[in-house]
Amino acid sequence: MLTIKRLDLEDARVLIAGVRAKAEEIGVPMCIAVTDESGQLVAFERMDGGKLTSTIIAQDKAYTAAGAKRTTESYGDASQPGKPAYGINTSIGGRLLVVAGGIPVVVDGQVVGAVGVSSGTPAQDSQCAQAGIDRFLTKV
């Protein structure tokens with residue numbers, strides 16, 4: 001029997017709380033998206049002051065990280081001219097993001113979903129996404 005593990009709404013709330021705590025700590029209001037393993041949105045939060053344009057970016061970062069089973073940052077490196085994934089960011093209607101801030105959530109070696117964060121610098125987005133994952137993994 002095939003058993004698929006995926007994030008649910010309660011899991012998403014834990015992830016969002018972890019991201020939000022880190023965002024408040026660094027003083028950058030974020031847009032936070034959580035998807036299941038297939039990249040479908042489970043939950044979203046735009047903190048007061050989160051950039052309007054970042055709502056879609058956060059969702060696409062989570063979509064990319066879940067579907068590709070890798071960080072969006074890793075695609076940034078691989079998608080430069082002369083690299084193996086050059087131009088991939090124009091695939092699938094432009095939804096594939098290559099900027100840091102999208103990280104898959106891995107439990108027992110399996111991608112169960114992803115977090116996408118946007119509104120800060122790429123480093124801030126990634127730092128906040130990882131904080132959410134770290135909080136979640138302490139509860140698994």
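**Exercise 1. Work out how much surface the protein exposes and what share carbon and sulfur atoms supply.**

Solution. Start with the total: the protein exposes about 7000 Å². Then split it by atom type: carbon and sulfur atoms supply 53% of that area. The areas come from the Shrake-Rupley method with a 1.4 Å probe, and for residues only the protein chains shown count as cover. Before going on, keep in mind that this is a predicted model, where local features need pLDDT of at least 70, side-chain atom pairs count only at pLDDT 80 or more, and totals for chains, interfaces and linings use all residues. Residues are numbered from 1 along each chain as its sequence is written, and side-chain values use heavy atoms, with hydrogens and water left out.

**Exercise 2. Describe the overall fold and check the radius of gyration against the globule rule.**

Solution. Step one, count the elements: there are 4 helices and 4 strands (DSSP runs numbered from the N terminus, H or I of at least four residues for helices, E of at least two for strands). Step two, read them along the sequence, which gives α-β-β-α-α-β-β-α. Step three, compare: the radius of gyration is 14 Å, close to the 14 Å that the globule rule gives for 140 residues, so the protein is as compact as a globular protein of that length. Here the radius is taken over C-alpha atoms, and the rule is 2.2 Å times the number of residues to the power 0.38. Along its principal axes, the C-alpha trace spans about 45 × 40 × 20 Å.

Last, look at the packing. Buried residues (under 20% relative accessible area; exposed is over 50%, partly exposed in between, with a 1.4 Å probe and protein chains only) make up 45% of the 140 residues. Of the contacts (heavy atoms within 4.5 Å) between residues at least 6 apart in sequence, 64% join residues at least 24 apart.

**Exercise 3. Test the length of helix H2 and find what covers its buried residues.**

Solution. First the length: H2 (residues 54-68) has 15 residues and should span 21 Å at 1.5 Å a residue, which agrees with its end C-alpha atoms being 20 Å apart. The expected span is 1.5 Å times one less than the number of residues. Next the buried side: among the buried residues of H2 are Ser54, Ala58, Asp60 and Ala65. Their cover includes strands E1 (31-36), E2 (41-46), E3 (102-107) and E4 (110-118), plus helices H3 (72-78) and H4 (122-139).

Now zoom in on two residues. Thr55 counts as buried because its relative accessibility is 17%. Leaving out residues up to four places away in sequence, Thr55 touches Cys31, Phe44 and Arg46. Gly67, also in H2, counts as exposed because its relative accessibility is 53%. Gly67 sits 27 residues from Gln40 in sequence and 9.3 Å from it in space, C-alpha to C-alpha.

**Exercise 4. Do the same for helix H1.**

Solution. H1 (residues 9-26) has 18 residues and reaches 26 Å from first C-alpha to last, close to the 26 Å expected. Its buried residues include Leu15, Ile16 and Val19. The buried residues of H1 pack against E1, E2, E3, E4 and H4.

**Exercise 5. Find where Lys69 and Ser119 lie, and give their phi values.**

Solution. Lys69 lies in the loop between H2 and H3, and its phi is near 60°, a positive value in a residue other than glycine. Ser119 is in the loop between E4 and H4. Its phi is positive too, about 145°, although Ser119 is not a glycine. Ser119 counts as buried because its relative accessibility is 7%.
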